[in-house]
Protein chains: 2
Amino acid sequence: MTKGEETKQFIIERSAPIFNTKGIAATAMSDITEATQLSKGSLYVHFENKEVLAASAVDYNMQLLSNKVMAAVNKQKTAKDKLFAFVDTLKDPLSPPVTGGCPMMNFGTEADDTNQLVKTKVNQAFDNAELTIAGIIQQGIKEGSMNPDWNYKEFATMIFAMIEGGIVMSRVAGNISKMNIIVKNIKKMITEQLI
Amino acid sequence: MTKGEETKQFIIERSAPIFNTKGIAATAMSDITEATQLSKGSLYVHFENKEVLAASAVDYNMQLLSNKVMAAVNKQKTAKDKLFAFVDTLKDPLSPPVTGGCPMMNFGTEADDTNQLVKTKVNQAFDNAELTIAGIIQQGIKEGSMNPDWNYKEFATMIFAMIEGGIVMSRVAGNISKMNIIVKNIKKMITEQLI
DNA sequence: TCAAAATATGACCAATCGGTCATATTTTGA
DNA sequence: TCAAAATATGACCGATTGGTCATATTTTGA
């Protein structure tokens with residue numbers, strides 16, 4: 001990696017948690033100069049403008065989340081354990097795997113009326129998450145440990161909606177009691193489909 | 001209502017959809033002067049500052065949503081029909097009952113790290129929504145139309161998490177296919193508890 | 001009716017916004 | 001090694017931000 005590429009990556013890493021916490025609109029380029037200790041002009045050597053930097057930060061945050069989830073999932077062997085690991089990675093929104101909370105949630109709500117590019121990125125991330133869940137269940141069915149009549153595609157949508165909803169509710173409440181209820185019931189729903 | 005009170009209310013009504021769509025940080029006082037055709041100084045006669053106006057707009061949006069939901073719910077007689085009406089009011093996030101989408105979602109995600117006042121308001125709204133659902137089910141159990149062993153408090157939490165999650169996912173996707181799946185399954189879960 | 005109180009106006013303020021650019025420094029590879 | 005290319009600096013730009021205030025207009029109730 002050249003010096004320039006290193007600096008570019010460094011800027012993304014430092015700015016990603018700021019964008020995810022404050023939001024794109026509320027994050028100023030001066031926040032980034034402060035966090036990176038780089039001059040303004042240097043930022044603009046690596047990024048055409050704030051929008052491009054923000055888009056990179058969105059990608060970075062979502063990739064980081066995906067990596068953490070997949071690392072936990074891949075540690076497990078059975079489909080059931082993988083699903084549980086997926087859920088457990090996201091079960092504490094007050095200590096989230098990515099600083100600032102779920103980037104799909106944060107950027108999705110900010111962008112849905114205003115930023116087509118970010119909106120598309122978030123949508124793809126949602127689809128990927130569902131595909132991951134669906135893929136695990138497919139494996140479980142093939143291995144004979146899960147109910148082959150399970151409508152797992154619909155379940156993948158529901159499980160993720162519940163988690164996302166639980167995240168907002170718990171973050172706003174300042175405690176994870178609602179998320180605990182949700183996680184418990186998701187696991188119950190999974191268990192009911194085990195053979 | 002005095003002239004001043006009327007103007008104050010007028011400002012809130014005009015600014016509420018803007019705050020709910022663009023977000024608090026991204027909404028400028030100049031957006032409000034444009035929408036109301038009032039001078040800047042006049043805005044500051046009625047609101048101490050932008051933060052206070054935004055808080056009023058948050059209240060207004062959430063109250064408006066609550067009113068619409070309750071109006072639909074109160075048209076129904078049985079507990080089952082009331083629950084279905086509750087869900088049906090929120091089932092199309094692309095044509096939401098409140099301009100800009102669910103205010104709890106929008107303001108909740110923007111405020112959770114940055115605005116304690118708004119955070120508290122949203123949290124109360126979430127609790128109210130759950131209490132409404134729980135209250136309907138209590139009525140159903142008392143009337144003998146719903147399973148008395150139903151853990152309806154947990155269900156109230158789950159139903160709302162699913163809806164909120166479905167809203168983000170559908171808004172970002174630009175279509176309501178995921179929300180349709182969620183609504184269908186929520187209704188199925190309700191039906192399973194009918195006697 | 002009419003004067004006092006409330007409300008509306010818009011020019012104006014300092015601070016901050018995203019972004020530029022001439023210049024200086026550092027990195028790069030032939 | 002060394003010159004060309006890439007990168008870093010920070011003063012500077014016009015636009016916009018939230019907010020103020022002297023002044024003008026409208027509303028209010030005795």
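A polar contact is a pair of N or O atoms within 3.5 Å; within protein, one must be able to donate a hydrogen and the other to accept it. The views below show a predicted model.

**View 1. The start of helix α7 of chain A.** A side-chain oxygen of A:Asn115 comes to within 3.3 Å of the backbone nitrogen of A:Leu117, at the start of α7(A).

**View 2. The length and end of α7(A).** The helix covers residues 116-143 of chain A, 28 residues in total. From its first C-alpha to its last, α7(A) reaches 41 Å, close to the 40 Å expected at 1.5 Å a residue. A:Gly144 follows the helix and has a positive phi, near 85 degrees.

**View 3. Protein residues around DNA strand C.** There are 20 residues around the strand, and those that come nearest are A:Met29, A:Lys40, A:Lys50, B:Ser42 and B:His46. By class, the residues of this surface are 5 nonpolar, 11 polar and 4 charged. Sugar or phosphate accounts for 57% of the atoms of DNA strand C within 4 Å of the protein, and bases for the rest.

**View 4. Polar contacts to DNA strand C.** A:Lys40 places a polar side-chain atom 2.8 Å from a base nitrogen of the strand. A:Lys50 has a polar backbone atom 2.8 Å from a phosphate oxygen. In chain B, a polar side-chain atom of B:Thr7 lies 3.1 Å from a phosphate oxygen. Two or more residues of the surface near the strand come from each of α2 (29-36) and α3 (40-46) of chain A, and α1 (3-22) and α3 (40-46) of chain B. The largest share, 4 residues, is that of α3(B).

Key. Residues are numbered from 1 along each chain as its sequence is written. Chains are lettered from A and ligands numbered from 1 in the order in which they are written. This is a predicted model: local features need pLDDT of at least 70, side-chain atom pairs count only at pLDDT 80 or more; totals for chains, interfaces and linings use all residues. Side-chain values use heavy atoms; hydrogens and water are left out. A residue is near a molecule or strand if one of its heavy atoms lies within 4 Å of it. Ala, Val, Leu, Ile, Met, Phe, Trp, Tyr, Cys and Pro count as nonpolar, Asp, Glu, Lys and Arg as charged, and the others, Gly among them, as polar. The expected span of a helix is 1.5 Å times one less than its number of residues.
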